Amino acid sequence: MDKCKRKNNLILIFTIMIVLAFAAIISTSEAFGATKGTVSDKAGLNVRKGPGTDYSVLYALSYGETFDVLATTNDKAGEKWYRIYARGQEGYVIAKYAKVEETDDYIYNKTFEENLTAQGFPESYKEYLRKLHAAHPKWVFKAQKTGLNWNDVIAKQSIVGRNLIHESYPDSWKSKEYGAYDPSTGKYVIFDSGGYVAASESIIKYYVDPRNFLDETGIFQFMSHSYDSSTQTKSGLQSLVAGTFLAGTFPEKSTKYPTYSDVIMDAGKQSKANPYVLASMILVEQGSDGRGHSISGTENGYKGLYNFFNINAYKTSSHSAVENGLIYARTKGWTTRVKSIIEGAAYYAKEYINNNQNTQYLKKFNMMNGLSSVATHQYMTNVKGAADEASRLRQGYSSIMDTALTFNIPVYNNMPAVACSQPGKGNNDYFLKSLSVSGYSLMPAFNMYTSDYELVVPANVTSVTINAAARDSGAKVSGSGKINLTGNTTKVTVIVTSSSGATKKYNITIAKEVGSEANPTSSKYKIGKQITGVGFNTSVSTFKSNIKAPTGYTLKVTNSSGKEVTSGNVGTGMNVVLYKGGSAVKSIPVVIKGDVNGDGKLTSADVLFAQRHIIKTYTLSGVYLNGADINGDGKLGSVDVLYMQRHIVGTYTIKN
């Protein structure tokens, strides 16, 4: 070989060896599977643009912070580094300051991450979807944007009676709101046959929050309910119904339908509804043993009628849920099991699948038809119904779990940062048994179910004392005690935390009285610290017509409990309340001389109260004592009682 040529070949080989050696140093030498790293140095760890301290720092990880390890590499000096993914971007960290371990978790996938972001999934969804992607890389996740505000949705779903739970579940799962629970008896109100009571807001939040069901089973409540012959097969259906009454032969002998699976598959094909969904619905409604009374065909008064999907089966005052369901079956002519299943499936497809309720989740909660439709047109009232059906639906797909299944997962606006947890032990009694402000009266008067109150105090008051006591001994109260008043209006929130961890807020808006320029005026009555000069039997409408609110203000007449009064007579103890900008700014009590009990009249009852006060078997105070002081000497004595008695018999007239 030519010396020059040999020399050139040697140079080429040597060059290639150098390049390969250098590449071995700076490039990935070991690709990890799913590996997690943790910063082990208490000083933290810099994440750099490349493997080496000569690369610039992107950001710093704190001690104990975790990251995904994508690969290992060495720097020019042979020091081991990790290529990582953390805080939304890749970088490099030196290995000696980190601890790593192999896991079965998801490893960063740029394409998948970009798709999640493009879909609009919040960060709080992604941690669950990453794990599912690692286990089932062919699954497709679509963000179903509801356009609804989370708190608005929960408020509608929490209306008593919209969502139920069986009474056998823990107290923390059951509502104690007005109409759901009788505090005098300690019993829950039964809303549906079999012992179903109103679900608590906390358990409703748990079942409405999609993030709680982004696992291999729960996610099936987000699968489409439309028919798909390529993924929905008789063998898959048989897997779903195995061990249940639907696995047996069909009771109505037929060459076309030798088994329940044959009927259900045909029902799905005809209605364009997912047969797996139809089967899981039947099992939830009728039980895995098929002993539901709606399909026995032997119910007294309803023999030969069947309602496999329990359509229209709800309890009323005159009929049980089963009876109403079978009455509906009679109107439809469902006198055979075949007709009930085939036509019931068609009904479901028309009313739900074609009404933007094409997943188990949506047929339960109805979130894609606007806020006005939320918590209406729900297929079942059982709050956990969709989650219960998901487990059976998954069973039907067990043989094709690694195919390209698509899931439509709802997303709400302004969701909590983390998934709503199940309520803890204890109960949901987060009510107060008393709430007061020392020396003042709340508007309206306290009621355990009322959350918002108002209070007007003199302009020179700098603090008030709020007294609050919980109904349940296991509940905790915060926000009461001495409250300093700052500015013209102070808003105070008293929070009650139940033994289960649920919370309720009681809000008190405390306003300082405005100056005299904001006083109401009247040409008929005297208005100062009290309103006097009001005659007996003066109607509220007449009273209001003789009082003028200052410009920019409105006024209401309230009773001693703070409730607005619009009819009847004005009486001692009522108040004229001035409002500005929707907030109470001044409250002036009414005093009618001779009216001691507040009914706006002078009768023997008022005389009795005054006499009892004198002999100390009853105590009058405040405006009521002023009402009994007829002669105006600042005391209540026998002279005042005499004037009241003479007025009643007509020998004297008390002038107001």
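Me: By class, how does the lining of the second largest pocket divide?
Reply: This is a predicted model, where local features need pLDDT of at least 70, side-chain atom pairs count only at pLDDT 80 or more, and totals for chains, interfaces and linings use all residues. A pocket is an open set of points on a 1 Å grid over the protein atoms alone, where a 1.4 Å probe fits, with protein on both sides within 12 Å along at least five of seven lines; lining residues have an atom within 4 Å of a point. Ala, Val, Leu, Ile, Met, Phe, Trp, Tyr, Cys and Pro count as nonpolar, Asp, Glu, Lys and Arg as charged, the others, Gly among them, as polar. The lining has eleven nonpolar, 13 polar and three charged residues.

Me: Which element gives the most to that lining of the second largest pocket?
Reply: The pocket is lined by 27 residues, with Val456, Asn575, Ser587, Ile588 and Pro589 nearest its centre. β16 (452-457), β26 (583-589) and α15 (622-628) each supply at least two (helices are DSSP runs of H or I, at least four residues; strands of E, at least two). With four residues, the top contributor is β26.

Me: How many residues in the lining of the largest pocket are charged?
Reply: The largest pocket is lined by 40 residues, and Asp192, Glu285, Ala313, Met380 and Thr381 lie nearest its centre. Nonpolar and polar residues number 17 each; the charged ones number six.

Me: Is strand β14 largely enclosed or open?
Reply: Residues are numbered from 1 along each chain as its sequence is written, and side-chain values use heavy atoms, without hydrogens and water. Strand β8 (residues 140-149) runs parallel to β14, joined by seven bridges. Six of the eight residues of β14 (406-413) are buried (under 20% relative accessible area, 1.4 Å probe, protein chains only), so the strand is largely enclosed.

Me: Which residue in β14 does Lys142 stand opposite?
Reply: Seven bridges link β8 and β14. Opposite Lys142, in β14, stands Asn408.

Technical notes. Buried means under 20% relative accessible area, exposed over 50%, partly exposed in between (1.4 Å probe, protein chains only). Two strands pair if DSSP finds at least two bridges between them.
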